[in-house]
Amino acid sequence: TEYQQKFDRLHDDCPVRAALDVIRGRWKPSILYELKTSPKRFTELQQAMRGITSQALTVQLRQLEADQIVARTVYPEIPVKVEYALTALGKTLSSVLDQLELWGAEYMARQARSKAG
């Protein structure tokens with residue numbers, strides 16, 4: 001099945017929503033994290049993300065491909081070797097995700113302090 005970019009009419013008017021639409025998905029941040037340092041094969045991604053089904057990983061990878069964040073490369077070997085890597089556009093998301101991680105850690109710490117106090 002060919003996956004298309006998601007279309008949201010509000011997305012055209014809001015850059016933040018456009019960005020969030022690309023990374024929204026239960027596993028997408030984890031996929032992007034795993035691909036941050038080097039290309040990975042499907043099985044490597046699946047092993048790194050315990051609990052993800054093959055179907056869920058396939059769907060999320062295809063959506064990231066449709067959004068031009070991830071590139072899928074098929075090597076003509078036997079057996080066929082397929083790798084997933086961040087595109088140049090995908091690599092620009094790394095610093096954004098790093099900032100989200102810092103914000104999330106601070107938010108989680110704040111929540112823990114308010115529950116403890």
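Start by selecting Glu83, which sits in strand 3, a run covering residues 81-86. The model on screen is a predicted one.

Is Glu83 buried or exposed? Its relative accessible area is 18%, and because buried means under 20%, Glu83 counts as buried.

Next, show the side chain of Tyr75 together with that of Glu83. The two side chains make a polar contact at 3.3 Å. Then add the other residues that Glu83 touches, leaving out those up to four places away in sequence: Pro39, Lys40, Arg41, Ala71, Arg72 and Thr73 join Tyr75 in this list.

Now zoom out to the whole protein chain and colour it by secondary structure. The chain holds 6 helices and 3 strands. Followed along the sequence, these elements come in the pattern α-α-β-α-α-β-β-α-α.

Switch to a surface view. About 8,400 Å² of the protein chain is exposed, and carbon and sulfur atoms supply 55% of that area. Of the 117 residues in the chain, 29% are buried.

For the interior, select Ile31, Leu32 and Val70. These residues have the most contacts inside the largest nonpolar core, which has 19 residues. At least two residues of this core come from each of helix 1 (15-23), helix 2 (28-35), helix 4 (54-66), strand 3 and helix 6 (93-116).

Finish on Val70. Which residues is Val70 in contact with, leaving aside neighbours within four places in sequence? They are Leu32, Leu35, Leu61, Leu64, Glu65, Tyr84, Ala85, Leu86 and Thr87. Across the protein chain, residues 24 or more positions apart account for 46% of the contacts with a separation of 6 or more.

Conventions
Residues numbered from 1 in each chain as written. Predicted model: local features only at pLDDT ≥ 70, side-chain atom pairs only at ≥ 80, totals over all residues. Heavy atoms only, no water. Helix = DSSP H or I, 4+ residues; strand = E, 2+ residues; numbered from the N terminus. Buried < 20%, exposed > 50% of the residue type's maximum accessible area, 1.4 Å probe, protein only. Polar contact = N/O pair within 3.5 Å; in protein donor to acceptor, adjacent residues only side chain to side chain. Contact = heavy atoms within 4.5 Å. Areas by Shrake-Rupley, 256 points an atom, 1.4 Å probe, with all protein chains shown as cover. Core = buried A, V, L, I, M, F, W, Y, C linked by side-chain atoms within 4.5 Å.
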